[in-house]
Amino acid sequence: MHVRVTLIVAARGSSLLAERFDDDRPLDQAGWGEVQRVAHALVPLAAAELRYCSPTPRSRATGDALGLAPLAQPALRDCDMGRWRGLTLGEAMAREPEAVDAWLADPYSAAHGGEPLAEFIRRVGDWLDTRPADDGGRIVAVAEPAVVRAVLVHALRAHPSTYWNLDVRPLSTATLTGRAGRWNLRFDPQHERV
């Protein structure tokens, strides 16, 4: 029994430098433009049997704009950043440079008072591993960049620090095939996304 899970990174809600921890802002104008430019390539994913999204406004809006009508999954929420919620990385660094350094260096650190990176990866990994494994079943999930990175780290059984080495762009996709504990990362040609 195996399943195919295609992850779509939510469109932008702000410029990269203005991104905030636990950002609940909706899609910005640039994000809407991005969705319109790539929708034709991603719309076929709406044929998936199960369609999910992170519980953020931009993830839901991205999924709705693509015709997915996704179901919000609390397990796909972004990492709980504790007292840094709403801050940019630069703002957190200006307030607590040692804490930011500790958090970036140690995936088990909760220097911000929230969820350690390793725990975040485990949480979203548990979500992935509990997807129904109907043979050949298809699932699509629209999620924040951090969530997609965490899912990939889990699926590849990589060390949590690998999280910092993954660069995911808005509206990029990654497909995982397999089942709990045994996932393969698959890259599809643009014309074969379903």
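A salt bridge is here a side-chain nitrogen of Lys or Arg within 4 Å of a carboxyl oxygen of Asp or Glu. By this rule the count comes to eight salt bridges. The exercises below concern a predicted model, in which local features need pLDDT of at least 70 and side-chain atom pairs count only at pLDDT 80 or more, while totals for chains, interfaces and linings use all residues. Residues are numbered from 1 along each chain as its sequence is written, and side-chain values use heavy atoms, with hydrogens and water left out.

**Exercise 1. Salt bridges between parts of the chain**

Describe the salt bridge between E34 and R12, and state where each residue lies.

Solution. Step one concerns the distance: the side chains of E34 and R12 meet at 2.8 Å, N to O. Step two places the residues: E34 belongs to helix α1 (residues 29-42), whereas R12 is in the loop between β1 and α1, so the pair links distant parts of the chain, 22 residues apart. Helices (H or I, at least four residues) and strands (E, at least two) are DSSP runs, numbered from the N terminus. Step three considers accessibility, for which buried means under 20% relative accessible area, exposed over 50%, and partly exposed in between (1.4 Å probe, protein chains only). E34 is buried, with a value of 14%, and R12 is partly exposed, with 24%.

**Exercise 2. A salt bridge network in a helix**

Determine how E119 and R122 are arranged, and which residues form a network with them.

Solution. The first step is position: both E119 and R122 lie in helix α5, three residues apart, about one turn of the helix. The second step is the contact itself, a salt bridge of 2.3 Å, N to O. The third step is exposure: E119 is partly exposed at 32% relative accessible area, and R122 is partly exposed at 39%. Finally, salt bridges link E119, R122 and D126 in a network.

**Exercise 3. Aromatic rings**

Classify the ring pair formed by W84 and W103, and explain what it connects.

Solution. A pair of aromatic rings is described by the distance of the centres and the angle of the planes. Rings of Phe, Tyr and Trp (its six-membered ring) pair if their centres lie within 6.5 Å; planes under 30 degrees apart count as stacked, over 60 as edge-to-face and the rest as tilted. The count by this rule is seven aromatic pairs. For W84 and W103, the ring centres are 5.6 Å apart and the planes stand at 85 degrees, so the pair is edge-to-face. W84 lies in the loop between β3 and α3 and W103 in helix α4, so the pair ties together parts that are 19 residues apart in sequence. W84 is buried at 0% relative accessibility, and W103 is buried at 6%. Ring pairs also join F21, W84, W103, F120, Y163 and W164 into a cluster.

**Exercise 4. The surroundings of helix α6**

Explain why helix α6 (residues 145-155) is largely enclosed, and name the elements it packs against.

Solution. Ten of the eleven residues of α6 are buried, so the helix is largely enclosed by the rest of the structure. The buried residues include P145, V148 and R149. The buried residues of α6 pack against β1 (3-9), α2 (57-65), α5 (117-129), β4 (137-143), β5 (173-179) and β6 (182-186), where contact means heavy atoms within 4.5 Å. After α6 comes R157, whose phi is positive, near 55 degrees.
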